[in-house]
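Biologist: I should like to learn how to read an interface between two chains. Please show me how one proceeds.

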Amino acid sequence: MQVNRRLVFKTFAAAGAAAVAKGTAEARVRPTAAPDAMGLLYDTTRCIGCKACVVACRQANDTKPETGNSPGGIWDTPMDLDGDTKTVIRLYKSADGAQWSYFKAQCMQCVDPACTNACMLGALKKRPGEHGIVSYDASKCIGCRYCQMACPFNIPKFQWTSNWPGIVKCELCRHRVQGAALTKSGGFSHYPAGHGPGCAEVCPRQAVIYGTREELLAEAKRRMAESPGRYVDKIYGEFDGGGTQCLYLSHVPFDKLRLPTLSNDPVPDVQQTIQHGIYQGFVAPVALYGLLTAVIWKNRKNPPPSSGAGEKGAPS
Amino acid sequence: MSERAQAVGGPIFTRPVRLFAALFAVGLLMILWRLFAGLGATTALSDGYPWGLWIAFDVVVGTALACGGYAVGLLVYILNRGRYHPLIRPAILTSALGYTIAGISVFLDIGKPWIIWKVPLFVWSWNLNSALLEVALCIMSYMFVLWIELSPAFLEKLAEGPESGVKRFAQKTLPVMDKALLWIMGLGLLLPTMHQSSLGSLMVLSGPKLHPLWWSPFLPLLFLVSCIAMGYAAVVFESTLSTRFFGRRPETEMLAGLSGAMLPVLGGFLVLRFGDLAFRGKLALAFAFSRFALAFWIEIALTALPLVLLAPAARRRDPGNLFRAAMSMMLAGAVYRFNTYLVAYRPFDDVHYFPSVPELLITLGLVSLEIVGYVAIVKLFPIIGGAPERATAHS
Amino acid sequence: MASTSYAPATAAAGSFSSVDRRDFLKVCTLAFAAIGLPYEAAAKAAQVVAAKKLKPSVIWLHFQECTGCTESLLRTSHPDVAELILDLISLDYCETLFAAAGHQAEAALKKAMADNAGKYVLVIEGAIPTKEDGIYCQIGGRTAMQIARDCAEKAGAIISIGSCASWGGIPSADPNPTGATGAPMILKGKTVVTIPGCPANPYNLLGTVLQYVTFGTLPALDEKNRPKFAYGRTIHEQCPRRPHFDAGRFVQKFGDENARLGYCLYKIGCKGPATHANCSVQHFGEVPDAWPIGIGHPCFGCTEQALAFRVALHDTVDIDRAMPPATYPPIQAAQGHISPVATGIAGVIGGALLGAGIAASRKLGGPPPDKTTGAGKEA
């Protein structure tokens, strides 16, 4: 018995240590943004709050207006992103009203997303040839909502009012891109009109533009250099949470806009390091299973003195 | 102690059982409502709190309380403490029921319950990065493993029944089961180790949205330790009540020993919990004036209470004291898990959740179902040992 | 020049030179701008018409109506569209403008139809009664149905002007004693361009006719055969009072302070959000603000069969495709709600469990009872 116990503890400890050591030594390979990764750049100083993007998004994605919040149902007034709304313009105002800003919310298309690491069957996934867009496949979604728990930006929304609900989030109008050739113009990668992200196409002030992540970063830096002091000295999404493909320039601090303060480590890093450390190649579980079975087998052969000799091995 | 387990016998639908059956009937109505009207209409869940009572209680707390089979299994089969053997069968029964309830809850909680089969069968779509996939597959298989582990109890009963095909089947299957159980028991210990720790891993991914008093890379380990403690407590709780209720000889000796085994587990948990907080430099948050700190200290107090109650060896033989300690420990684990999944989960400031009436009634109904199922199975099949002194007086 | 326009159209025909080229080009441009054709097209139209002296024959039929559409056409002021259209086309039959009467007029109709078979433009104004074989509207002993079918037979293009001709209009309002209906319903199988409105905006007719004259084609039509250039959008979409709607500033009743301030008329029954027409950008008779909303009255939906003369004047309509208002959601919207009933029930359950647990643990102090009555909750 004593031997067994020691053996068990030793093995558990060894397995644990191995897992941890493996985890730290072999840190997970972090995904990086592909050169063709597409995204958006939103600039709070340019946005005039016209909501053309919100309307264009509805048309491009054929989502139905939400009139429930307005008296008489005469306006489309989503209070937030939700099961029918993929983008929304919010208004931030400081308590004294002196500082204010619009804010366009939509999926950030993370370089290393938490949601794709959460999703059981890969309904949310970065699929090859889709420019790093986190795309959604309803046929693989069972509605578990772990992506909602995981997303640090609270982007994926659930169709609560439906009885066959799925997840709704911005997919950068990937359905419009099909078959459209990407051309380069004015320093940006462009789709033919009507094929790019609806919001960016209609924006009257280039407050939201689209292009590859590299182009957008360059443009953001250009704008910052052009107008010193106009912006907070940071491009949100350049490094935050491992980087995002949708980027923000702002004249008010980003936390005021309720963008979470994240470290530069990808959000799924810790969990994935732990899980892959433990389950690398499924070696540890198999080994543990073998060990457990061996110990049970041995114990059945040598029943402890305290128990009845004729006792059955089965859990009786 | 080595006496065989025996069916309790007697009528199943006694007055208390009828009450629980009625509660389940109410729950069933609510279940139908949920299935027809959808989640938005029947639950208080929102995009702020996508997971609520069903996940936090029925699954996360429920399966931990159903870890009695796992915890006692570790003790008996791995640490070779054969004297606890009589506790195994009732523990596995509660585990099987608990996991089944959790399975039903998951079925109700997901948006498209009718395609839940895709999770185990769409092998080519499996996202091996998903901790939830691991939990789902583990829990699904463990549910089967538990019922298989319990099957000898049913087979024994059938083998003693009137001559029939069923009886011959049972008689033939029993020895096969006996051999196969070695491999099944191994699984029965492996699977909870995997998914109970992964229940902790799940919330590691919510990192930025989880209060730092709870978020920790050690969540998997903390969850594993807490489930073992909760499993022991649940066995003490269940055994105390069932022996009392069914007039069986109290297993106080055994339970006292068991509770002795709980002390290091609980102590370990506390050391790990505080060590982790100190290591991450977040301990100060526990002394802040906030509801998080309050929730934290309730959790710690409930964890520490059984340590105090059970510290003197003599007091472990007091059934009342044992029962109180077990309750406190179950509650501690439940609060810890509730805190991690609901209280500490703060996606943003202005977000509220409290389970809706249908959510509550469905959970209540499912727990009632578990109780009815326990009583019925215990009365019909040989689960509990320690037959009454006046043998088979009840009938 | 004004006097010539009231002479018989047949006599007036050929007096194209009475309009100077610049005026003509201006109107063409205006009309083509309405259809969405470029300036070059207007120039081409002017050229084509001037060079070839191309004057398509037009037959204009009047049935059950008030002649308001003709009146509004004639009252267009600057430049004088009425003269233009009369000079531009050869109006071979039109009861309102004809000097001829009786058999003479009928003969003119027959001649025009025979001379220009397959090329003439048929304009129908007014509803067509169908009850009792259409006896409620007869001209020269023939019912409106017969006349319409006859004339449509060899027409190059058929245009029904006004709501009456488009689907029945006022004559078809409940209880519709004459069984009035529109030309498209009588002329099944033929393309009938409908230009509904009560009255129809003359520029929409002019644009359609000009396109037919110049290019021999009809403008793009919607599912109700209305030219898309005029009926492609709702009044609401291009309404000058739209900002008031978006900001939630409404007239609450006629003549109130908000009405004086020019606020949105939606709440007192404006049908603009459901009415497809271009009145908000193409005012009547080129008089600024000469259209219902412009003079402070709600749009009554005259171009929509489902609205005009069917929905009460001051009932509000559903918004076709709601758009965002001028307000914004907060930077962080609240999520979730707590039901007091649920907290109550949870409290009761929790209390019961705790109480049962404590009671059970108390009883466990002694030896086990023989009877099973003292059990805790696990029963």
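Modeller: One may begin with the buried area. In this predicted model, about 6400 Å² is buried between chain B and chain A, and carbon and sulfur atoms give 62% of that area. On the side of chain B, the residues that lose the most area to chain A are B:Asp47, B:Lys112 and B:Leu205, together 13% of what that side buries.

Biologist: How many residues of each chain are in contact?

Modeller: The contact involves 77 residues of chain B and 71 residues of chain A.

Biologist: How many salt bridges and polar contacts are counted between chain B and chain A?

Modeller: The count is one salt bridge, in which the side chains of A:Arg145 and B:Asp109 meet at 2.8 Å, N to O. Polar contact links 36 residue pairs across the interface, both residues being at pLDDT 80 or more.

Biologist: Which helices of chain B supply the side that touches chain A?

Modeller: At least two residues each come from α1, α2, α4, α5, α6, α7 and α8 of chain B. The largest share, 18 residues, comes from α8(B). By character, that side of chain B divides into 43 nonpolar, 19 polar and 15 charged residues.

Biologist: Let us turn to a single residue. Is A:Gln148 buried or exposed?

Modeller: A:Gln148, in helix α4 of chain A, has a relative accessible area of 2% and is therefore buried, the cut-off being under 20%. Its side chain reaches the backbone oxygen of A:Pro156 at 3.0 Å. Residues that A:Gln148 touches include A:Trp160 and A:Ile167 in chain A, and B:Asp47, B:Pro50, B:Lys209 and B:Tyr345 in chain B.

Methods. Residues are numbered from 1 along each chain as its sequence is written. Chains are lettered from A and ligands numbered from 1 in the order in which they are written. This is a predicted model: local features need pLDDT of at least 70, side-chain atom pairs count only at pLDDT 80 or more; totals for chains, interfaces and linings use all residues. Side-chain values use heavy atoms; hydrogens and water are left out. Contact means heavy atoms within 4.5 Å. Buried area is the accessible area (1.4 Å probe) that two parts lose on being put together, summed over both. A salt bridge is a side-chain nitrogen of Lys or Arg within 4 Å of a carboxyl oxygen of Asp or Glu. A polar contact is a pair of N or O atoms within 3.5 Å; within protein, one must be able to donate a hydrogen and the other to accept it, and residues adjacent in sequence count only if both atoms are side-chain atoms. Helices (H or I, at least four residues) and strands (E, at least two) are DSSP runs, numbered from the N terminus. Ala, Val, Leu, Ile, Met, Phe, Trp, Tyr, Cys and Pro count as nonpolar, Asp, Glu, Lys and Arg as charged, and the others, Gly among them, as polar. Buried means under 20% relative accessible area, exposed over 50%, partly exposed in between (1.4 Å probe, protein chains only). Lists of a residue's contacts leave out its neighbours within four places in sequence.
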